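Hi there,

Here is the structure I said I would pass on. Have a look at it first, and then read my notes below.

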Amino acid sequence: MSRINKNVILALLTLTSSAFLLFQLYYYKHYLSAKNGAGLSKSKGSRIGFDGTQWRTVKKFIMLTSSQNVPVFLIDPLILELINKNFEQVKNASHGSASECKFFCVPRDFTAFALQYHLWKNEESWFRIAENTGFQCLKFESKDPRLDGIDSLSGTEIPLHYICTLASHAVHLVVFHERSGNYLWHGHLRLKGHIDRKFVPFRKLKFGRYPGAFDRPELQQVTIDGLEVLIPKDPMHFLEEIPHSRFIECRYKEARAFFQQYLDDNTVEAMAFRKSAKELLQLAAKTLKKLGVRFWLSSGTCLGWYRQCGIIPYSKDVDLGIFIQDYKSDIISAFQDAGLPLKHKFGKVEDSLELSFQGKDDVKLDIFFFYEETDYMWNGGTQAKTGKKFKYLFPKFTLCWTEFVDMKVRVPCETIEYIEANYGKTWKVPVRTWDWKRSPHNVQPNGVWPISEWDEVIQLY
Amino acid sequence: MDDWKPSPLIKPFGARKKRSWYLTWKYKLTNQRALRRFCQTGAVLFLLVTVIVNIKLILDTRRAISEASEDPEPEKDYDEALGRLESPRHRGSGPRRVLDVEVYSSRSKVYVAVDGTTVLEDEAREQGRGIHVIVLNQATGHVMAKRVFDTYSPHEDEAMVLFLNMVAPGRVLICTVKDEGSFHLKDTAKALLRSLGSQAGPALGWRDTWAFVGRKGGPVLGEKHSKSPALSSWGDPVLLKTDVPLSSAEEAECHWADTELNRRRHRFCSKVEGYGSVCSCKDPTPIEFSPDPLPDNKVFNVPVAVIAGNRPNYLYRMLRSLLSAQGVSPQMITVFIDGYYEEPMDVVALFGLRGIQHTPISIKNARVSQHYKASLTATFNLFPEARFAVVLEEDLDIAVDFFSFLSQSIHLLEEDDSLYCISAWNDQGYEHTAEDPALLYRVETMPGLGWVLRKSLYKEELEPKWPTPEKLWDWDMWMRMPEQRRGRECIIPDISRSYHFGIVGLNMNGYFHEAYFKKHKFNTVPGVQLRNVDSLKKEAYEVEVHRLLSEAEVLDHSKNPCEDSFLPDTEGHTYVAFIRMEKDDDFTTWTRLAKCLHIWDLDVRGNHRGLWRLFRKRNHFLVVGVPASPYSMKKPPSITPIFLEPPPKEEGAPGAAEQT
């Protein structure tokens, strides 16, 4: 009796569970395909039809942007590189004379274009039209960093990146925004939770890993592989900028907190100093740019940027750092021509070089030259009276762009390490009396210049 | 969810089967048994797979749900976003077909609750008097508009009529009275309330309480009323509880053609109410304007900052006129909203413009001033290449040739350091004192109300020393101070290119507006060619003024300047009068004269080195202050300057006269 019962139950159970299972399998399949059917179908087709897919996608994209007046130009490093190599040929090529596809058919995952946001008028409809023409697009938005520096503003988000795929090739449209300091900025491409990570191989993107800053390029129209595109007039310069384009934003929130605690100095003298320091920095930046010499904000100027996004009113000078490899002998004369006479010169190119120029209104410009050792960097100091040498040690750093008093300037990317090396962990607390020989955390005595060399290494004007 | 509920039950069965299978294995191994064993194994396997699939499905679904709820703005599908916006947020899930609405009216407190959520509560003293009106979406129950009309005061009932007429038919209307709402509730308004089906509304008496819920153009859904027993007391508080049946979304919406513009319109109209024909189903008013482009437009790339507060209807009117002006470039416009207000943001989105919200950080005037600073800084950050910015406010109408006016004059700001601003507003340009649309003046006062700011002035001078919040200063008063202005002047037109229509504002009330702003002249002629713009430069203007004074006819100084007959009944003449002005800051006679001419007299505006220029009876009328003005030398020796006694101290006009 019990056995029969058991059999019946078993049979019933089997039946229901299999029916159940079938239903679930069906449902699950349905659910899966609804979720990322698009993604699946694309990854399947990625290796098919290699010949000319890229070209066709780019062509369609260019047609779309020109018909919709989307102000784009080509920034793809791979293609710009090729163009740069064959620049003469590209410049002379006329419309439609492309016999073979030399540029846009090169195997690659993406083609990168830049969009000049400030020239763009029909932002709203563009996305829809792109999708109607067959593109599948992802849009990455974020809040506008240009409003970050201002207390308590929140605006509509701005687009940072578009990635549009068509027939297994993707166009990466990097949105370039204008910033104060005459440069173009693009944002960080951040994958948020809901974004399909398999949409494209995001890791292989050439732009968007970090925010970036570029000089505003002059553009020219060229015909490449039968397609008319805008490219930077000087592709070489643009290509050189790419690897060093990383941009870091000032820490506006922390700066506001700092001012809540310590209050800003708004006296007439402080405002006058900030104004002349800013002008001096602008002049120095212009002069060094003309020479093609890289520099970064160092010491007090760097601290002012990092801690309070501004110039420290009691700092008395503007401090810049330059790698000794970048030293050029005509720096001094260039500054003198710009109206900044040399005030003193300490050290020599081989050791502890430091230049000081006299700006207007008693503001001094100090340029420290940095020397690289295997595991640290350092710059030198010299006491004029005694000929004593000092050495300031820094952990190794790389350079990033940032915006400071309406200028695009470089700072060490590893800013906190740099500042802590110089000012210690208590850099957040303002210190008004500063002794360059004793106060810095990273200062070391470095012997004395031999008296025979004094005439060369201690020059006061 | 029900599909996989049985699975937890399956496990014990499985365990039992396992044991019996074990027993059979242990004892007998006949053919039949083997078959049964096979079946049993199969069943167990099935069960196990089912359980696994179930668990996976549950996990997957849960993740999908949490992902969906974590992500408030889906990137890909706008329609989906649209749908989500419209669904009621504060109410529970599932389609509720009935809203339960509570309305309370009393002397000192009113509130309205919809499905237990308070959507209006006002028990502040000395505030919120009158009829509170709330409009609900009939399909979702969303609050679409919230207004209070102080119908104790004059003209507020007209505003209420205007508003109620703009509400689309079918919407749910809720009215409740706080304190007093009948004193200036006139017949038109009462007739409108009657047409809504209200019994008590049209008969509303002194200090009655009243609560009303009804559908626009449809049935009344509830009404309660309590008469005030005596002049000195109020009606008893009334609490109206009623059910409001919801209609389907189909009925509540219009079916416009599917275009980008209509999508914006749809988003707007399903959220807010009280904007009239923009949401009309049949013949909606356009939200895109294609004003003629301006040939050789010099201000096409000048950013326009619109400073706004929480007056969305004003903003709506303002943006309409701005976007209709010749030569406007919408992508250069940014609307800065002082506070986290949604409705002004909706208006901005309706027109497809950029909107930025500013969190309040201080109070009243100082807050306006901080809002200005943040807005101006943001404008120059967003448009780093701009050398100028146009600054507008939300309660201005913009003349059709506003940009044309600026395009023709903006080079002055570049070429002449002695200029502080270009403004579209003439403080003294009233209907009876302004005449010539092609004429410009130089004035020492900064009028504001639609003006152009030079970036270098802002960045180098104003921004660094902008008054801090604790100073509690008006930004425009501060900008007019000699420390800031430093003797520089502004260019203004004779006939204003903006019109100040706001009657509610920080320093504004109905009386004030009627006295000083209503009769202001506003240019409506497109494409006016300005005359002799370069003569507005510092030196050239002196030459021009001297020429004018030389050819001006001296008026009869024995007559009373306040009399109409002071000026002869001519046309096109230039007349000059000399008034007493002992020192640069002695404006006694001028202020009296301004008062009797019915122009701005609350402080001194529109002067240029002791000279005022205006029109009277179509004649150019110059007033020179003697002896302070350098133009005093033009006074014939026989003429004695007019002197008017200062008024005896009386209750007077509002103290701080200010225009924002």
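**What I found**

A:Ser299 lies in helix H9 of chain A, which covers residues 299-308. Keep in mind as you read that this is a predicted model. Is A:Ser299 buried or exposed? Its relative accessibility is 16%, and buried means under 20%, so A:Ser299 counts as buried. If you skip its neighbours within four places in sequence, A:Ser299 is in contact with A:Asp319, A:Phe368, A:Tyr418, A:Asn422 and A:Tyr423.

For a contrast, go to A:Asn92, which you'll find in helix H4 (residues 87-92) of chain A. With 62% relative accessibility, A:Asn92 counts as exposed. Try finding A:Val222 as well: A:Asn92 and A:Val222 are 130 residues apart in sequence, yet their C-alpha atoms are 8.7 Å apart in space.

Still in chain A, take a look at helix H8, residues 268-291. H8(A) has 24 residues and reaches 35 Å from its first C-alpha to its last, close to the 34 Å expected at 1.5 Å a residue. Among the buried residues of H8(A) are A:Phe273, A:Ala277, A:Leu280, A:Leu281, A:Ala284 and A:Leu288. Here's a handy bit of background: an α-helix has 3.6 residues a turn, so residues three or four places apart point the same way. What covers the buried residues of H8(A)? The cover includes helix H10 (331-337) and several strands of chain A, among them S12 (317-323), S15 (364-372) and S18 (399-404). Right after H8(A) comes A:Gly292, with a positive phi near 75°.

Now for chain B. There are 660 residues in chain B, and buried ones make up 55% of them. Chain B also has 17 helices and 24 strands. Of the contacts in chain B with a separation of 6 or more, 71% are between residues 24 or more positions apart.

One residue to click on here is B:Val306, in strand S10 (residues 304-308) of chain B. At 0% relative accessibility, B:Val306 counts as buried. Beyond its neighbours within four places in sequence, B:Val306 is in contact with residues including B:Leu315, B:Met318, B:Leu319, B:Ile333, B:Phe336 and B:Leu392. B:Asn165 is another story: B:Val306 and B:Asn165 are 141 residues apart in sequence and 28 Å apart in space, C-alpha to C-alpha.

Last, some helix packing. In chain B, the axes of helix H7 (residues 260-269) and helix H9 (residues 342-350) come within 9 Å and cross at roughly 165°. H7(B) and H9(B) are therefore roughly antiparallel to each other, and their crossing is left-handed. Where they touch, B:Arg264, B:Arg265 and B:Phe268 in H7(B) meet B:Asp346, B:Val347, B:Ala349 and B:Leu350 in H9(B). By class, that contact has 4 nonpolar, no polar and 3 charged residues.

H7(B) also meets a helix from chain A. The axes of helix H5 (residues 123-132) of chain A and H7(B) come within 10 Å and cross at roughly 115°, which makes H5(A) roughly perpendicular to H7(B). The crossing of H5(A) and H7(B) is right-handed. In this contact, A:Glu124, A:Ser125 and A:Arg128 in H5(A) meet B:Glu260, B:Arg263 and B:Arg264 in H7(B). Sorted by class, the residues here are 5 charged, 1 polar and no nonpolar. Look out for B:Arg264, which is listed both in the contact with H9(B) and in the contact with H5(A).

Have fun exploring!

Conventions: Residues are numbered from 1 along each chain as its sequence is written. Chains are lettered from A and ligands numbered from 1 in the order in which they are written. This is a predicted model: local features need pLDDT of at least 70, side-chain atom pairs count only at pLDDT 80 or more; totals for chains, interfaces and linings use all residues. Side-chain values use heavy atoms; hydrogens and water are left out. Axes are lines fitted to C-alpha atoms, for helices over the stretch in contact, and angles run from 0 to 180 degrees between N-to-C directions. Helices (H or I, at least four residues) and strands (E, at least two) are DSSP runs, numbered from the N terminus. Angles under 35 degrees count as roughly parallel, over 145 as roughly antiparallel, 65 to 115 as roughly perpendicular and the rest as oblique. A crossing is left-handed if the near helix is turned anticlockwise from the far one by less than a right angle, and right-handed if clockwise. Contact means heavy atoms within 4.5 Å. Ala, Val, Leu, Ile, Met, Phe, Trp, Tyr, Cys and Pro count as nonpolar, Asp, Glu, Lys and Arg as charged, and the others, Gly among them, as polar. The expected span of a helix is 1.5 Å times one less than its number of residues. Buried means under 20% relative accessible area, exposed over 50%, partly exposed in between (1.4 Å probe, protein chains only).
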